[in-house]
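Student: I would like to learn how to read a protein model step by step. Could we take it feature by feature, with the general idea before the case?

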Amino acid sequence: MTAIIVFLIILVLGVVSFTASFGKKNQTTTMTVENTGNSASSVTRSSNSREKIDTDLIFDSNCIVDELGWFDDADAAGKTLEDFFDATGVQPYIYFKDYDASLTTNSEKEEYAKQWYEDNIDNEGTFLFIYFAEEDTDNDVGYMYYVCGYDIESVMDEEACDIFWDYVDKYWYTDLSTDDMITEIFNSLADAIM
């Protein structure tokens, strides 16, 4: 009974912390992952039929920026994300941002993410996932946010993004390396939504 109550509290907190907005250029959503201690958390089942996006993009394996030094080999991990691209047509991009004392609110972090997409990604076919580290990088879970280019909305719709967050929640606190965790999140996502 206690486990059910804890789960419901976490679920309510998760819904409250989940916000969605539509920016000038991109669809964006945020999530703060709480340690539920349950790496086998449930994953939303996809109910939508999606088709791979046909764009002129060529997969870019240089798609991980790791300012935290959490990846063992960001270049190799980036190459493993090609399976996600091949299944969806969506270019994944992961940015683990070091703590930045000037970004004091979630709103400032969201604006930073949107501007970073604008300044660094020259297409509308990318799914950018940013992790903003806290000052105590090793002990505090940071703020997580994504930005979707307009061209990927048919694949990365609201349901697919909910499934993405489910996989982040499922794998974030496992014993997987950061490299394997990110690969597992994106490969599982592709399998679930396509």
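Tutor: Let us begin with a single residue, and keep in mind that this is a predicted model. Cys63 has 0% relative accessibility and therefore counts as buried, since buried means under 20%.

Student: How many disulfides does the structure hold?

Tutor: For a disulfide, two cysteine sulfur atoms must lie within 2.5 Å. The structure holds 0 disulfides. Cys148 is a useful case, for the nearest cysteine sulfur to its own belongs to Cys161 and is 4.3 Å away, and Cys148 is in no disulfide. With 0% relative accessibility, Cys148 counts as buried.

Student: Which residues of α4 are buried, and where do they sit around the axis?

Tutor: The general idea comes from the helix itself: an α-helix has 3.6 residues a turn, so residues three or four places apart point the same way. In helix α4, which runs over residues 106-120, the buried residues are Lys109, Glu110, Ala113, Lys114, Trp116 and Tyr117. These buried residues cover an arc of only 160 degrees around the axis, which puts them on the same side of α4. As for its length, α4 has 15 residues and reaches 21 Å from its first C-alpha to its last, close to the 21 Å expected at 1.5 Å a residue.

Student: How many residues of α5 are buried?

Tutor: Helix α5 is mostly covered, with 11 of its 14 residues buried. Among them are Cys161, Ile163, Phe164, Trp165 and Val168, and also the charged-type names Glu159, Asp166 and Asp169. The span of α5 can be checked too: at 1.5 Å a residue its 14 residues should span 20 Å, and its end C-alpha atoms are 20 Å apart, which agrees.

Student: Which element gives the largest share of the largest nonpolar core?

Tutor: That core has 53 residues, and those with the most contacts inside it are Phe96, Phe127, Phe129, Met156 and Phe164. The elements that give two or more residues to this core include α2, β4, α4, β5 and α6, while the largest share, 8 residues, comes from α5. To see what one core residue touches, take Phe96: leaving aside its neighbours within four places in sequence, Phe96 is in contact with residues including Val65, Leu68, Trp70, Phe129, Tyr131 and Met181.

Student: How many aromatic pairs are there, and what can one of them tell me?

Tutor: Two aromatic rings are taken as a pair if their centres lie within 6.5 Å, and by this rule the count comes to 23 aromatic pairs. One of them joins Trp70 and Tyr131, which are 5.4 Å apart centre to centre with 45 degrees between the planes, and this pair is tilted. Trp70 lies in the loop between β3 and α2 and Tyr131 in strand β5, so the pair ties together parts that are 61 residues apart in sequence. At 23% relative accessibility Trp70 counts as partly exposed, whereas Tyr131, at 1%, counts as buried.

Student: What is the geometry of the pair that Phe129 and Trp165 form?

Tutor: Phe129 and Trp165 form an edge-to-face pair, 6.1 Å centre to centre and with 70 degrees between the planes. Because Phe129 lies in strand β5 and Trp165 in helix α5, this pair ties together parts that are 36 residues apart in sequence. Phe129 is buried at 0% relative accessibility, and Trp165 is buried at 2%. Both belong to one aromatic cluster, formed by Phe84, Phe127, Phe129, Tyr146, Phe164, Trp165 and Phe186.

Definitions and conventions: Residues are numbered from 1 along each chain as its sequence is written. This is a predicted model: local features need pLDDT of at least 70, side-chain atom pairs count only at pLDDT 80 or more; totals for chains, interfaces and linings use all residues. Side-chain values use heavy atoms; hydrogens and water are left out. Rings of Phe, Tyr and Trp (its six-membered ring) pair if their centres lie within 6.5 Å; planes under 30 degrees apart count as stacked, over 60 as edge-to-face and the rest as tilted. Helices (H or I, at least four residues) and strands (E, at least two) are DSSP runs, numbered from the N terminus. Buried means under 20% relative accessible area, exposed over 50%, partly exposed in between (1.4 Å probe, protein chains only). The expected span of a helix is 1.5 Å times one less than its number of residues. The arc is that of the directions from the helix axis to the C-beta atoms. A nonpolar core is a set of buried Ala, Val, Leu, Ile, Met, Phe, Trp, Tyr and Cys residues joined through side-chain atoms within 4.5 Å. Contact means heavy atoms within 4.5 Å.
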